[in-house]
Amino acid sequence: MRLSRQLGCRSDLGRGIQMRGMISNTTTMAMCLTLMAPQFARSQPAMPMRQAPVAIDAPLVLAQAEQDEVKRRRQERRAERAERRQERAERRKARQEGREANQARRGAEGGAKRKQEAERPRQQREDGDRQRAGKRGDPQQAADRTQRQERRAAEEERRKDRQERQQRREARQQEERQQQERQRARREGQRQEAALATGQRAQQRNDSMQNLSKALQTEIDRGLRNEDLRCLSGGSPPCGGRNARMVTPEGAVVQRNGKGELLLAPRDAQLYRVTNDGRFVRRAAEEDRRQTALSREAAQERRLGENVAALLNGQGRLREERITRQNSRRSDQDFATDLRDALNGDRAKRRDDDDNDLMKALLLGAGALAVGAMLNNNRQVALSSPDRVVLSRPDGSQEIVKDETALLRQPGSTVTTEEFDDGSSRTIVTRADGSKVVTIRDADLRVLRRSVISPDGKSVRLIDDTQEVAPVDLATLPEPAPVYQGSSVTDEAALREALYQEAGADRRFSLGQIRNVPEVRALAAPVNIDAITFDTGSAAISADQARQLAGLGEVIGDAVAENPQEMFLIEGHTDTVGSEATNLALSDRRAESVALALSEYFAVPPENLVVQGYGEQYLSIRSEGDIRENRRASVRRITNLLQTAQEE
């Protein structure tokens, strides 16, 4: 009874059972019913028993109530968990949206700042990070934050690099595909057989070069293809513009017309001439060149030194100089004056102590030449340097004036120069062994006579342009001498054979005619010196390159030892890159360096050598541009072309 009161239950026999308050808990209700059951039974009036009363199992009722309570609690917990999950999902969604909004804002507002940060030096960034870390409190956290930022920045840079590499790779692949397409199209076009043009221009050239035209037609009949052609300047077609010149396998120089058909290039562009029996013969560089005022003047000369005072043993002003290594030039040394300065007339950059008498002699002591100055015979100074002067003539041709005794100025010798009032001079070079070389020059510094006097007094005349010489009739000259096709200057037997090839002229010429009339010079076979290469704008020859001239030095030395009157012309040539005046002076300097190297390393007597530069006048490959074959030096044996080379 006491327990029922504690549970809120009260018994009233007259009115049944009442409950105090509201019983909301089913477990409490069950317990109350269980405790009140006996009292409820006693309060009922006695009734006849029709059947046995059903016993109430109190523990079973209590267990069922507990199970119901467990289920209810479980459902409540499930509902609570579901509510919490939903709340967490909503919070996550809100945080994600906030992060995205912050990232977008930072990306829009902080792009420029991050770029500036990336461009700052690393040390400066670290200093700034340390300062910010000090303000924020924990140094370790600031350092970790800095490392994370650097890692993110490095990853971003790597990503950009990958993108750039990928873009470059795709662009390169695209270009390669386009190049392959062009090459395939070109190969398809080259596989086609070449066609010969039949227009008026082609017919005119065929008529002027009949043998060459027949040879070209023969090549085409044999199945000449476009892929067989080669560019005249080197490489495979396409060679440039529509009129670009190409060479067939046999050697005919051709070009295309507007229809893509082949026709012969002009005569002056051909590398070969064809004989009547169909043989291709290499043309000399001097063939089919236009005549210039200088060449016409040289062809018509008869006698140069009729009234030269130096030939009359008169008395002039004497000047003597002792040659040492300090005041002489070697082949491995370059010239002190840059030709670009000489071309511009800038004398401020030249040597102040230059005692070269080239300028004074040319103007009879009137002082140094300036670019643009006019001389006799309507010649104008185009380039002026202490060692060389380039003169232009009215027809555009150019000639070079220099000191012809420069090769003789070797250490240990004494040079005595006697100058006369008419501008002529006599130079005597006395060597340590007592031998002498006597050179007489006119007012234009041209060599009129050169003789060698041995220690025993015996004299050998090497050059004599003072005697009567017949004018040159170009129409009566024989065909040029065969051009040496070898590529090596080390085979002495082949060099000797090539140097002694001549065209068989039945007369002699002056040195001026040989130098300045290309048809006369072509009567002696040229031998190209391919072993020597020069740096751009330089005329110096290294010792290693000079040793490559051993074969040529031996051949020339043996020839002079056998015949002291042997004379050899050393030539210099350039391509068409640069000004014409600069190329002319540079080629002459290089020819002088080759002659010096032959004397220094192989004891070739310098008085038996004559040097001459021709610049870009006589191209081996008759095409303009940077062509290596045109930058060359060559040598000719001119002994049998020079007049009156006899002992005195």
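This is a short conversation between a trainee and a mentor about a predicted model.

Mentor: Welcome! Since the model is predicted, local features need pLDDT of at least 70 and side-chain atom pairs count only at pLDDT 80 or more, while totals for chains, interfaces and linings use all residues. Residues are numbered from 1 along each chain as its sequence is written, and side-chain values use heavy atoms, with hydrogens and water left out.

Trainee: Thanks! How many salt bridges does the structure hold?

Mentor: The criterion is a side-chain nitrogen of Lys or Arg within 4 Å of a carboxyl oxygen of Asp or Glu. One pair that meets it is Asp464 and Arg461, with the closest N and O atoms 2.7 Å apart. Counted over the structure, the total is 41.

Trainee: Are Asp464 and Arg461 buried or exposed?

Mentor: Accessible areas come from the Shrake-Rupley method with a 1.4 Å probe, and for residues only the protein chains shown count as cover. Buried is under 20% relative accessible area, exposed is over 50%, and partly exposed lies in between. On that scale, both Asp464 and Arg461 are buried.

Trainee: Which strands hold Glu571 and Arg636?

Mentor: Strands (E, at least two residues) and helices (H or I, at least four) are DSSP runs, numbered from the N terminus. The side chains of Glu571 and Arg636 form a salt bridge at 2.4 Å, N to O. This pair ties together parts that are 65 residues apart in sequence, because Glu571 lies in strand β20 (residues 568-573) and Arg636 in strand β22 (residues 632-637). So the strands are β20 and β22.

Trainee: How many residues apart in sequence are the parts that Asp558 and Arg496 tie together?

Mentor: Those two side chains meet in a salt bridge at 3.8 Å, N to O. Asp558 belongs to helix α16 (residues 550-562) and Arg496 to helix α12 (residues 492-499), so the parts they tie together are apart by 62 residues.

Trainee: What is the relative accessibility of Asp558?

Mentor: Its partner Arg496 is partly exposed, with a relative accessible area of 32%. Asp558 also counts as partly exposed, because its relative accessibility is 39%.

Trainee: How many residues of α17 are buried?

Mentor: Helix α17 (residues 580-602) has 23 residues and reaches 33 Å from its first C-alpha to its last. That is close to the 33 Å expected at 1.5 Å a residue, where the expected span is 1.5 Å times one less than the number of residues. The helix is mostly covered, and its buried residues number 20 of 23.

Trainee: Which residue follows α17?

Mentor: Look just past the helix for a positive phi, near 55°. The residue is Ala603.

Notes
Buried means under 20% relative accessible area, exposed over 50%, partly exposed in between (1.4 Å probe, protein chains only).
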